[in-house]
Each structure stands twice: as structure tokens, then as C-alpha cells.
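Subject: A structure to look through

Dear colleague,

Please find the sequence and the structure below, to be opened side by side while you read. My notes on what was found follow after them.

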Amino acid sequence: MQQTASVLPAARPLYSPQERARRDATRWTLVQGILAPLQFLVFLVSLVLVLRYLATGDGYAAANASVIAKTACLVLIMVTGAIWEKVVFGQYLFAPAFFWEDVFSFAVIALHAAYVWGLVTGSMPPETLMLTALAAYATYFVNAGQFVLKLRRARLDAAS
């Protein structure tokens with residue numbers, strides 16, 4: 001009995017040579033490289049403050065300020081990321097290489113926006129606000145993981 005190996009089509013590299021050249025040439029790549037770890041740091045500090053409030057009831061103002069700071073970082077990285085995507089791929093959002101990351105980013109934005117809306121309008125009690133922030137942070141963490149995996153893939157593509 002002879003076994004035949006199934007042949008899978010080679011995956012398209014994340015970047016074409018032209019896209020890679022544009023990615024490497026634009027200052028927006030550096031901007032994203034600075035903002036991503038900054039946002040993650042703000043996320044970690046805010047996560048601690050939100051969890052502290054939920055556990056002790058202390059630090060409500062600090063927790064709120066930290067979630068607003070995290071939301072501001074998110075908006076900044078989303079706007080500059082859309083510009084980066086336009087420069088590299090020719091469209092502001094949903095380029096095939098980052099389609100699902102962009103889709104999930106909108107869930108992240110929606111949850112952060114729900115938090116801000118609840119805070120500004122007073123339509124959510126403090127515990128609900130903080131639980132909304134945690135939901136936003138869980139989706140952000142998944143989304144950040146998506147982008148880290150893409151960065152890894154880009155590095156592997158470049159090595160081969």
C-alpha cells in the first residue's frame with residue numbers, strides 16, 4: 001500500500017515584496033512599534049487598578065482615569081494603524097493580511113466605547129463599568145495576541 005503525501009498550497013506571505021518595502025520605508029511602522037508596547041503597559045497598570053477597585057472598593061477615580069488613558073491609547077493606535085495600513089496595503093482597514101485583526105479590533109473599540117458612554121452618561125453603576133472594562137481588556141488581550149502572531153509570521157516569512 002503506497003501512501004501519498006497531501007500537498008498543501010504554500011501560504012501567501014504576509015507582505016508582497018512591494019508591501020514589505022512600503023512597510024519598512026514608512027514612519028508609521030515605527031509609530032506602531034512604539035505605541036503597541038506603550039498601550040500594553042497602560043493596559044497592565046489599568047488592569048491592576050480595575051481589579052484593585054473590584055476587590056477592595058478603593059481607587060475608583062484612579063481606575064476610571066486609567067481606563068480613559070487606555071481608551072485614548074487604543075484610539076491613537078487605531079488611527080495610526082489605519083494610516084499604516086493605507087500606506088502599506090492601499091486601504092485604511094480590512095486589508096486581507098490583517099482582516100480578522102481589524103474585525104476583532106472593532107469589538108475592542110465597541111467595549112471601550114461602551115465603558116466611556118457608561119461613565120460619561122452615568123448609565124452604569126461603578127461595578128458594571130469595571131466589569132465592562134474587564135471585558136474590553138479581555139478582547140484587547142486577544143487582539144494584541146493576534147497582532148503578535150502576525151508579527152511572528154512576518155519575521156518567519158522574512159527568514160525564509
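**What was found**

With a relative accessibility of 29%, F40 counts as partly exposed, a class that lies between buried (under 20% relative accessible area) and exposed (over 50%), computed with a 1.4 Å probe on protein chains only. Please keep in mind that this is a predicted model, in which local features need pLDDT of at least 70 and side-chain atom pairs count only at pLDDT 80 or more, while totals for chains, interfaces and linings use all residues. Residues are numbered from 1 along each chain as its sequence is written, and side-chain values use heavy atoms, with hydrogens and water left out.

Y140, by contrast, counts as buried, because its relative accessibility is 5%. The ring centres of F40 and Y140 are 6.5 Å apart and their planes stand at 40°, so the pair is tilted; rings of Phe, Tyr and Trp (its six-membered ring) pair if their centres lie within 6.5 Å, and planes under 30 degrees apart are stacked, over 60 edge-to-face, and the rest tilted. F40 belongs to helix α2 and Y140 to helix α5, so that this pair links parts of the chain 100 residues apart; helices here are DSSP runs (H or I, at least four residues), numbered from the N terminus.

These two helices, α2 (residues 27-56) and α5 (residues 126-159), pack at an angle of about 145° with their axes 10 Å apart, where axes are lines fitted to C-alpha atoms over the stretch in contact and angles run from 0 to 180 degrees between N-to-C directions. Among the residues that make the contact (heavy atoms within 4.5 Å) are F40, F43 and L47 of α2 and M130, Y137 and Y140 of α5.

Across the whole structure, a search finds 15 aromatic pairs. One of them joins Y15 and W84 edge-to-face, at 6.5 Å centre to centre and 85° between the planes. Y15 lies in the segment before α1 (17-25) and W84 in helix α3, so the pair ties together parts that are 69 residues apart in sequence. Both Y15 and W84 are buried, and ring pairs link them with F89, F98 and F147 into a cluster.

F89 also leads to E19, a residue of helix α1 that touches R12, L14, V88 and F89, when residues up to four places away in sequence are not counted. At 12% relative accessibility, E19 counts as buried.

With best wishes
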